[in-house]
Amino acid sequence: MAPSPARFTFDLDLGKRTTAAAPPEPTMPERLVAQLLAQAREEAYAEGVAAGERNATAVAAQTLAAAAGTLATQGAEMAAALDDATAQARREAVELAASIGRKLALHLLARYPTVELDALIGECMQSLGGVPHLVVRCHPAIADGIRDVATAHMQTSGFAGRLVVMGDPDLRLGDGRLEWVDGGLVRDIGAVAKDIDLKISAYLAARGGQAKQQESDQ
């Protein structure tokens, strides 16, 4: 008779339900995790703010530099324009004064045509005591008046030479020439006006040169 097979038995009681294993306890408390997350957010925010401030500062510095450059350029242009305006105003003022002076001189010569020659004759006769003769040339309209003036100066200056007064139509009213043996003098309003114009031009050129020199020194 064959032996009967042995019954396989399990150590596990199949009649009882098995329960799932409990999850492991978290290694880091949730409160700590929340704190770390909050700290990370704060640090990220602070870093972002700092980066924004640095960027804003850089942009502001560039803007200020550009504005300063523009202001400097505009300031230089304004200074140059002011210098030009000042020079122009000075030139116009001097020219106006010269124009007024010319008109006044012509008016005075027309009203007192013998005054300039009177002064010139009186000055010359003081140093012409030994001169044999003196010739005075002037505009014919004032020849008689100049003769009277010269005669009066002869009486006070000691000039004893011959006096000749000649009317010259080529001379303008107020102009005149004094001639003696070894010398002479000329009264020419036109030449005086040209000399004044040259002096005015030299003055304006000198002031313009000084302004340019000061600008280059700056």
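**A guided tour from the core to the surface**

Begin by selecting Leu 134, Ile 146 and Leu 178: within the largest nonpolar core, a set of 19 residues, these three touch the most other members. Next, colour α2, β1 (133-138), α3 (143-157) and β3 (176-180), each of which supplies at least two residues of this core. The greatest contribution comes from α2, which gives five residues. As general background, nonpolar side chains in soluble globular proteins tend to be buried together. Please note that the model on display is predicted.

Now centre the view on Leu 134 and show its surroundings. Beyond its neighbours within four places in sequence, Leu 134 is in contact with Met 125, Leu 128, Phe 159, Arg 162, Leu 163, Val 164, Leu 178, Glu 179 and Trp 180. One of these partners, Leu 178, was already selected at the start of the tour.

Then turn to the surface and select Leu 104, Leu 108, Tyr 112 and Val 115, which make a nonpolar patch of about 360 Å². Within this patch, Tyr 112 is found in the loop between α1 (30-111) and α2 (115-125). Is Tyr 112 buried or partly exposed? Its relative accessible area is 41%, so Tyr 112 counts as partly exposed.

Finally, display the whole chain. Four helices and four strands make up its secondary structure, in the order α-α-β-α-β-β-β-α from the N terminus. Of its 218 residues, 17% count as buried. The accessible surface of the chain is about 16,600 Å², and 59% of that area belongs to carbon and sulfur atoms. Among contacts between residues at least 6 apart in sequence, 76% join residues at least 24 apart.

Key
Residues numbered from 1 in each chain as written. Predicted model: local features only at pLDDT ≥ 70, side-chain atom pairs only at ≥ 80, totals over all residues. Heavy atoms only, no water. Buried < 20%, exposed > 50% of the residue type's maximum accessible area, 1.4 Å probe, protein only. Contact = heavy atoms within 4.5 Å. Areas by Shrake-Rupley, 256 points an atom, 1.4 Å probe, with all protein chains shown as cover. Patch = residues over 30% accessible without salt bridge, like charges linked within 9 Å, V, L, I, M, F, W, Y side chains within 5 Å. Salt bridge = Lys/Arg side-chain N within 4 Å of Asp/Glu carboxyl O. Core = buried A, V, L, I, M, F, W, Y, C linked by side-chain atoms within 4.5 Å.
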